[in-house]
Amino acid sequence: MPAILRPFLIIPQEIYYFYLVESQRQSKIASLIQRDIADVLQGAARQGGIQGVIISVTQVKVTVDLSIAKVYLSIFPIKLAKDLMKGIISNSPSIRHELAKRTRNQLRRTPELLFYLDDSLDYIDGIDRSLNQPENPIKNPELLKKRKKI
C-alpha cells in the first residue's frame, strides 16, 4: 500500500495538547496596532472633551491570518466603562480607518478590530481587598479550619 493511502491511526488513550504560539510577525503587528490605537483613542478623547477618564490598551491579539485583531481596553473609572465601550464599538469602523491611514506603509490590509473590556485590574483589586481584610487566612491559619468543606 502506498504511503499516501495508509490510514491514519488514532490512539484514544493518548491526548495531545497543542499550544498556539504567536509568531514574530503577529507580535510585531500586535504591538504596532496597540501603539496606534492608543494614540487614536487618546486623540478622540481630547477632541471629544472627555476629561477624567483613562483609556489604555492593555493587549492586542492578532489571528494567524492577520484578519482580526482583538483589542483589550482598560477604562478608569469603571463606572464609565460600559458607556465608553459602547461608543468605541459603534465607532470601530472609523477607528479602523484611522488605523489604516497610520499603518498604510506597514500593513497591506488593516485587520478587523474587536474590542473587549479588560477586567484584570478589577480582579487584582478584589484579591488585594480580600487580603487586606481582618480575616486573612494567610496571616491567621486558624481561619482555614472554618473555611474547610466537610
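## The nonpolar patch

A patch, as the word is used here, is made of residues with over 30% relative accessible area and no salt bridge, and nonpolar side chains are joined into one within 5 Å. With that in hand, this predicted model has a nonpolar patch on its surface formed by Leu121, Tyr123, Ile124, Ile127, Leu131 and Ile138. Taken together, those residues offer about 640 Å² of accessible area.

Where does Leu121 sit in the fold? Leu121 belongs to helix H4, which covers residues 120-131. Its relative accessible area is 52%, and since the cut-off for exposed is over 50%, Leu121 counts as exposed.

## Overall layout

Stepping back to the whole chain, there are 5 helices and 3 strands. If you walk along the sequence, they come in the pattern α-β-β-α-α-β-α-α. The chain has 150 residues, and 25% of them count as buried.

## The largest pocket

If you're hunting for a pocket, the largest has a volume of about 290 Å³. Three helices each give two or more residues to its lining: H1 (24-48), H2 (81-90) and H3 (92-102). Which of them gives the largest share? That would be H1, with 4 residues.

In total, 13 residues line this pocket, and the ones nearest its centre are Leu41, Ala44, Ile88, Asn91 and Ile95. What about the chemistry of the lining? By class, it breaks down into 9 nonpolar, 3 polar and 1 charged residues.

## Salt bridges

Now for the charged side chains. Side chains of opposite charge can pair when their charged atoms come close. With a cut-off of 4 Å between a side-chain nitrogen of Lys or Arg and a carboxyl oxygen of Asp or Glu, the count comes to 3 salt bridges.

One of them pairs Asp39 with Arg102, at 3.9 Å from N to O. This pair ties together distant parts of the chain, with Asp39 in helix H1, Arg102 in helix H3, and their positions 63 residues apart in the numbering. Asp39 is partly exposed at 35% relative accessible area, and Arg102 is partly exposed too, at 37%.

## A shared network in H3

Another bridge joins the side chains of Lys101 and Glu98, at 3.5 Å from N to O. How are these two placed along their helix? Lys101 and Glu98 are 3 residues apart in helix H3, so about one helical turn separates them. In terms of exposure, Lys101 has 43% relative accessibility and counts as partly exposed. Glu98 is partly exposed as well, with a relative accessible area of 26%.

Glu98 also meets Arg102 in a salt bridge, with an N to O distance of 3.5 Å. Both residues lie in helix H3, 4 residues apart, which is about one turn of the helix. Which residues end up in one network through shared partners? The answer is Asp39, Glu98, Lys101 and Arg102. Glu98 bridges to Lys101 and to Arg102, while Arg102 in turn reaches across to Asp39 in helix H1.

Notes. Residues numbered from 1 in each chain as written. Predicted model: local features only at pLDDT ≥ 70, side-chain atom pairs only at ≥ 80, totals over all residues. Heavy atoms only, no water. 1 Å grid on protein atoms, 1.4 Å probe; cavity = no way out; pocket = protein on both sides within 12 Å on 5 of 7 lines; lining within 4 Å. Points joined across faces, edges and corners; volume = space filled by probe spheres on them. Nonpolar A, V, L, I, M, F, W, Y, C, P; charged D, E, K, R; others polar. Patch = residues over 30% accessible without salt bridge, like charges linked within 9 Å, V, L, I, M, F, W, Y side chains within 5 Å. Areas by Shrake-Rupley, 256 points an atom, 1.4 Å probe, with all protein chains shown as cover. Buried < 20%, exposed > 50% of the residue type's maximum accessible area, 1.4 Å probe, protein only.
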